[in-house]
Each structure stands twice: as C-alpha cells, then as structure tokens.
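Here's a quick walk through this fold for anyone who wants their bearings before heading back to the bench. Keep the viewer open and click along as you read.

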Amino acid sequence: MGSTETHAFPHKLVLYTNHTCTWANRANIALAELSLPFEQRIINVDGPRPAAFLALNPRALVPVLVVDDEHVIVESVIICQYLDDVASAVCAAQHPSLRRRQLCPPLHGQHSGGGEADGPLAAALTRAQMALFIDVYWTRFHTLLFGLFEAVDQAAEDRIVDEAVDRLLGEVQPLLVASYPRTHETATANAGVDAGVDAGVDAGVDGPDGPDGLFYGGNTEFTLVEVITGPFVVRAMALSRRGVYPARLAQRVQQEAPRFAAWAGKIAERDSVRAVFDEHVIVKRSVAKRQRMRKAAGLV
Ligand SMILES: N[C@@H](CCC(=O)N[C@@H](CS)C(=O)NCC(=O)O)C(=O)O
C-alpha cells in the first residue's frame, strides 16, 4: 500500500450492511482496503427492516453509512467514493507528509508519478478511465447475466452467455488491458493510485499487453474499480463454476479472456473480499432465488 500506517481517524463510521448483498460488499471492501475503523450493524434483508433503519434509509436498502451519528450516506458507489475522499482529506489535514493508501489517484496533493504540473491532469484522466471501466463492466456485461434466471430454456441461456462473453472480449477486457502500464516509466507516470505500483510493475511486466493478474492500472492494491466491480465479478465466476449460472460462462472466460480471468482470480483471493464472500451461502441463496424467479415467471 502507499502507506499502511494506521492513524487516528477522527470520525465515527457506522455501516449498516449484510454480507450476502453484493452491493453492500462494496462498502465493506472499501472500508477494509482503506483500513478505516468502523462499527458494523447487520441488517436482515430477508425480513422487515427495523423502524430505526427505515428512518435512516426509507428505500430500505443496504448499505447505509452513518458518519458521526449525523450524516447518512446511501448507495454503494457513493459510499465508496465518499470513504476514499474522506480518508484522503483527513490524512492530508493531519499528516500532510504521509502518502495514504487511496482507491483513486488524488486530484490534489501528492502523486506517485508525473511532474507537479501534469499530476492532477493525469489523475483526472485515470479517474475518468476507471469510471468508464466500471460503467462498461456493468452496463455491457454484468447486467446481461441477470437474465439467466429467467431464461426459458438452455438455448436461451447459451445465447445470454455468448452475448455476455462476446461483450467481455470486445469491450471489457480491452479496457482492463489498456489500463496496464507498458513500461516502468509509463507505469509510474500513469497509474499512481498507490506507491506500491512500482514494485508491482517491476514484478509483473510480462509482455506487450502488460502485467498479468494485477489490478486495474497495473496496481498491486485494489482500486475503486475492484471495490465496485469485484464483488460482482467474484460472484459471477463462482456461480458459474458451481452450476448456478451455466458452466459455459466460466469456461469461455477462462479460455478466451485470460487477462480478465487472471484479474478475477486475484480479486477472489483478496482478504477484503474473502472476509465478506461466503461461496457456500451465496450459492445456496442464489439457487433459492433462481427457483423463486422461475416460479414467478411460470417456468416451473
Ligand atoms: N443501488 C443500491 C442497491 C442496494 C441493494 O439492492 N440492496 C439490497 C440487498 S442486496 C437490499 O437492501 N434489499 C432490500 C430490499 O429490497 O428490501 C446500492 O448500490 O447501494
């Protein structure tokens, strides 16, 4: 990490969450990656929400973050971006000399690479590229998979998988590969999310397409890209391996999208992900959900 020093964090963070919720996983992972102390309150998402929770979020969804018993932040992407912003703002105010671990390259303050003049511009560009990757992963690939539980037959399932994998190959994986620095020099100039980037690139460059198995931008630590997409990537691959989604999905990804597959494998190994992702529980819940959805659609 850019810095693993833990220092007093002057705000109280309470996260209302549930580890079976992929969206809520994002917030837990962001907190772990940023080493922020927090209190966790598990909300049962299968039953009625407590009135006190509904008062915080009338939409009834987890995750919800409450800051200093006062400010309520909802929506997983907004919570994760807020956590990254607040962690870096607090660090800049308290420890200006310390380069803190961040999920996005900072727009102000220290940068891992580039000159003073181009630092903020390069950071802004990287942030835009990260946002594009997240959007393309979600809108062009992952949302297609939601159709699998209501596919009328195996041929319909195969069509969904094939379209999803084609888009992964044509649109998602190229953005991941393009994010990898090509040389040591461009790595330090372009990536710069954390200070660990140099070591990662030195260890990982393996050819013209960049390092295998590193995180977005060639980073050795999670970025906002892995925090936001990671829980969904891990789930999709696990559900396919375990036969809840068609096995063909993981097989095609493994064979035809090795860069994406290597990246997905690294995400699954990460402590912050393993702490909230229980494959056994998720498979069981997903099988039950598939059954409910197929029944409601009159398919069984
Ligand atoms: N867009 C929301 C989605 C959160 C969400 O769908 N949470 C689900 C659990 S996975 C939930 O709380 N569902 C409760 C309900 O629908 O009543 C986010 O990103 O935070």
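The buried residues of helix α3 pack against α1, β3, β4 and α8 (224-241). Keep in mind that this is a predicted model. Helix α3 is a handy place to start, and the sheet, the ligand shell and a few odd backbone spots follow from there.

**Helix α3 and its packing**

- Helix α3 covers residues 76-94, which is 19 residues. From first C-alpha to last it reaches 27 Å, close to the 27 Å expected at 1.5 Å a residue.
- Which residues of α3 are buried? They are Ser76, Ile79, Cys80, Gln81, Leu83, Asp84, Ala87, Ser88 and Cys91.
- A bit of background for reading that list: an α-helix has 3.6 residues a turn, so residues three or four places apart point the same way.
- Over in α8, one of the partners of α3, you'll find Met237. Met237 has 21 other C-beta atoms within 10 Å, so it counts as buried.
- Setting aside neighbours within four places in sequence, Met237 is in contact with Ala250 and Ala264. Its C-alpha atom is separated by 9.1 Å from that of Ala247, 10 residues apart along the chain.

**The four-stranded sheet**

- The sheet is open, has 4 strands in the order β2-β1-β3-β4, and shows mixed pairing.
- Why is one side of β2 (39-42) and of β4 (71-74) left without a neighbour in the sheet? Because both stand at the edges, each with a single partner strand.
- Neighbouring strands of this sheet are turned by 20° against each other on average, if you ignore direction.
- β1 (residues 13-17) and β3 (residues 64-67) run antiparallel and pair over 4 bridges. Along that pairing, Leu15 sits opposite Leu65 of β3, and Tyr16 sits opposite Val64 of β3.
- β3 also pairs with β4, again in the antiparallel sense and over 4 bridges. Here Leu65 stands opposite Ile73, while Val64 stands opposite Val74.
- Put those together and you can read straight across the strands: Leu15 faces Leu65, and Leu65 in turn faces Ile73. Likewise, Tyr16 faces Val64, and Val64 faces Val74.
- Helix α1 (residues 22-33) lies across β1 and β3 and runs at about 150° to β1.

**Around the ligand**

- Which residues surround the ligand? The set is Cys21, Trp23, Val45, Ala60, Leu61, Val62, Pro63, Glu75 and Ser76.
- Sorted by class, that shell has 7 nonpolar, 1 polar and 1 charged residues.
- Ser76 turns up twice in this briefing: it belongs to the ligand shell, and it is also among the buried residues of α3.
- Ala60 and Pro63, both in the shell, come from the loop between α2 (51-56) and β3.

**Backbone oddities**

- For context, most residues other than glycine have a negative phi, and most peptide bonds are trans.
- The bond joining Val62 and Pro63 is a cis peptide, with omega about 5°. Val62 and Pro63 are also among the residues around the ligand.
- Ala60 isn't a glycine, yet its phi is positive, near 70°. Is Ala60 buried, exposed or partly exposed? With 13 other C-beta atoms within 10 Å, Ala60 is partly exposed.
- Asp68 also has a positive phi, about 55°, although it is not a glycine. You'll find Asp68 in the hairpin of β3 and β4, which has 3 residues between the strands.
- Asp68 has 10 C-beta neighbours inside 10 Å, so it counts as exposed.

**The chain end and the overall picture**

- Leu299 lies in the segment after α12 (279-296). With 14 C-beta neighbours inside 10 Å, Leu299 is partly exposed.
- Not counting residues up to four places away in sequence, Leu299 touches Val152 and Arg294. The C-alpha atoms of Leu299 and Phe149 are separated by 10.0 Å, with the two residues 150 apart along the chain.
- The protein has 12 helices and 4 strands, and buried residues make up 39% of its 300 residues.
- Of the contacts with a separation of 6 or more, 68% involve residues 24 or more positions apart.

Terms used. Residues are numbered from 1 along each chain as its sequence is written. This is a predicted model: local features need pLDDT of at least 70, side-chain atom pairs count only at pLDDT 80 or more; totals for chains, interfaces and linings use all residues. Two strands pair if DSSP finds at least two bridges between them. Helices (H or I, at least four residues) and strands (E, at least two) are DSSP runs, numbered from the N terminus. Axes are lines fitted to C-alpha atoms, for helices over the stretch in contact, and angles run from 0 to 180 degrees between N-to-C directions. Two residues are in contact if their C-beta atoms, placed from the backbone, lie within 7 Å. A residue is near a molecule or strand if its C-beta atom, placed from the backbone, lies within 6 Å of it. Ala, Val, Leu, Ile, Met, Phe, Trp, Tyr, Cys and Pro count as nonpolar, Asp, Glu, Lys and Arg as charged, and the others, Gly among them, as polar. A residue is buried if 20 or more other C-beta atoms lie within 10 Å of its own, exposed if 12 or fewer, and partly exposed in between; C-beta atoms are placed from the backbone. The expected span of a helix is 1.5 Å times one less than its number of residues.
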